[in-house]
Amino acid sequence: MVSTVPKLRPSLRRRAPNLKVEKGLWEQGHEVVVGVDEVGRGAWAGPLSVGAAVVPKNRRIYKLRDSKMLTEGERECLFDRVADWCTQWAVGHATNEECDRLGMSDAQRLAARRAIDGLGVVPDRVLVDGRWDFVGTYTTIRLVRGDATSVSISAASILAKVVRDRIMRDLSASYPNYGFEANKGYPCPRHKSALQAWGPSCIHRRSWVFMDHLPWTGIPRYVRPDPQGVLFDPA
């Protein structure tokens, strides 16, 4: 892996996030502003991960972009720079079992709480990417396309994505049939073919609808009970 950050591709040069929202909050006296972003919600296997980042007021970092705009190699090259630059950062996870047992919304809240707790500071404001506040316990600000426009959220997106990708690459050695080193647990032709041939692994989310379409029947689809004790089918 290349240790230096490569030059930005021309398509990315004018798409830098900024500190407009963070500066406004700092000027209002909110000292600890946390950017939060999620990765892995759409995967069929592995954890759901949430990154949380607090960025410094007086130092800048170049080439920071939304993690989805960057290649895997570009993210890996940026990771150490972003981690060292942040004042505090953490990544929280919800396991595949927790995703099944809690449902994806509550699992995302759990991962977010673990990430924010891991910072070691109490947020004054939390910036969340998208329209849904999956943090909830703090004063949050929802930013549509926040991962592309807010420096704090962009930093969190890179940290969460790289940490989760590394977890999936490590897990691929234990589950070599599924191609996790390449697909990171997301659906793709090889992943789907492996499920047809081998069934789900120990790190698959077994409440998901793909379980209904497998000819291999050794493990049934997990059906989560609702709070009233009635079985709840998430499909």
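**Figure 1. Helix 8 in the predicted model, with Pro-189 and Ala-197 on its exposed side.** Pro-189 and Ala-197 are exposed and lie on the other side of helix 8 from its buried residues, His-191, Ala-194 and Leu-195. Helix 8 itself covers residues 189-198. Viewed down the helix axis, the buried residues fall within an arc of 100°, so they line one face of helix 8. An α-helix has 3.6 residues a turn, so residues three or four places apart point the same way. The buried residues of helix 8 pack against helix 7, residues 180-183. Just after helix 8 comes Gly-199, with a positive phi of about 75°.

**Figure 2. Lys-184 in the loop between helix 7 and helix 8.** The phi of Lys-184 is near 55°, which is a positive value in a residue other than glycine. Is Lys-184 buried or exposed? Lys-184 has a relative accessible area of 5% and is therefore buried.

**Figure 3. The aromatic pair of Phe-79 and Trp-89.** The search of the whole structure gives 4 aromatic pairs. In one of them, Phe-79 and Trp-89 meet edge-to-face, at 5.7 Å centre to centre and with 85° between the planes. The two residues are 10 apart, and their pair links distant parts of the chain: Phe-79 belongs to helix 2 (residues 72-85) and Trp-89 to strand 3 (residues 88-94). Phe-79 is buried because its relative accessible area is 6%. Trp-89, at a relative accessible area of 30%, is partly exposed. A second group also approaches Phe-79: the charged end of Arg-166 sits over the ring of Phe-79, 4.5 Å from its centre.

**Figure 4. The aromatic pair of Tyr-178 and Phe-180.** A pair of aromatic rings is described by the distance of the centres and the angle of the planes. Which values place Tyr-178 and Phe-180 in their class of pair? The ring centres of Tyr-178 and Phe-180 are 5.4 Å apart and the planes are at 10°, so the pair is stacked. Planes under 30 degrees apart count as stacked. Both Tyr-178 and Phe-180 are buried.

**Figure 5. The open sheet of 5 strands.** The strand order is 3-2-1-4-5, and the pairing is mixed. Strand 3 and strand 5 stand at the edges; each has a single partner strand, so one side of each has no neighbour in the sheet. From one strand to the next, the twist averages 20°. The protein chain as a whole has 8 helices and 7 strands.

**Figure 6. Strand 4 between strand 1 and strand 5.** Strand 1 (residues 33-39) and strand 4 run parallel and are joined by 4 bridges. Val-34 stands opposite Val-126 of strand 4, and Gly-35 stands opposite Leu-127 of strand 4. Towards strand 5, strand 4 again pairs in the parallel sense, over 4 bridges. The bridge partner of Leu-127 in strand 5 is Ile-141. Leu-127 thus appears in both pairings, facing Gly-35 and Ile-141. How many residues of strand 4 are buried? Strand 4 is mostly covered, with 4 of its 5 residues buried. In a regular strand the side chains alternate between the two faces of the sheet.

**Figure 7. Helix 4 and helix 6 against the strands.** Helix 4 (residues 104-117) lies across strand 1, strand 2 (48-54), strand 3 and strand 4. Its direction runs at about 150° to strand 3. Helix 6 (residues 151-172) packs on the sheet and touches strand 1, strand 2, strand 3, strand 4 and strand 5. The direction of helix 6 makes about 40° with that of strand 1.

**Figure 8. Gly-136 in the loop between strand 4 and strand 5.** This loop connects strand 4 (125-129) with strand 5 (140-143). Gly-136 is partly exposed, its relative accessible area being 49%. The C-alpha atoms of Gly-136 and Ala-112 are separated by 9.4 Å, although the two residues are 24 apart along the chain. Over the protein chain, 63% of contacts between residues at least 6 apart in sequence join residues at least 24 apart. Buried residues make up 51% of the 235 residues in the chain.

Conventions: Residues numbered from 1 in each chain as written. Predicted model: local features only at pLDDT ≥ 70, side-chain atom pairs only at ≥ 80, totals over all residues. Heavy atoms only, no water. Phe/Tyr/Trp six-rings, centres within 6.5 Å; stacked < 30°, edge-to-face > 60°. Buried < 20%, exposed > 50% of the residue type's maximum accessible area, 1.4 Å probe, protein only. Lys NZ or Arg CZ within 6 Å of the ring centre and 35° of its normal. Arc of directions from axis to C-beta. Contact = heavy atoms within 4.5 Å. Pairing = 2+ DSSP bridges. Axes fitted to C-alpha atoms, helices over the stretch in contact; angles between N-to-C directions.
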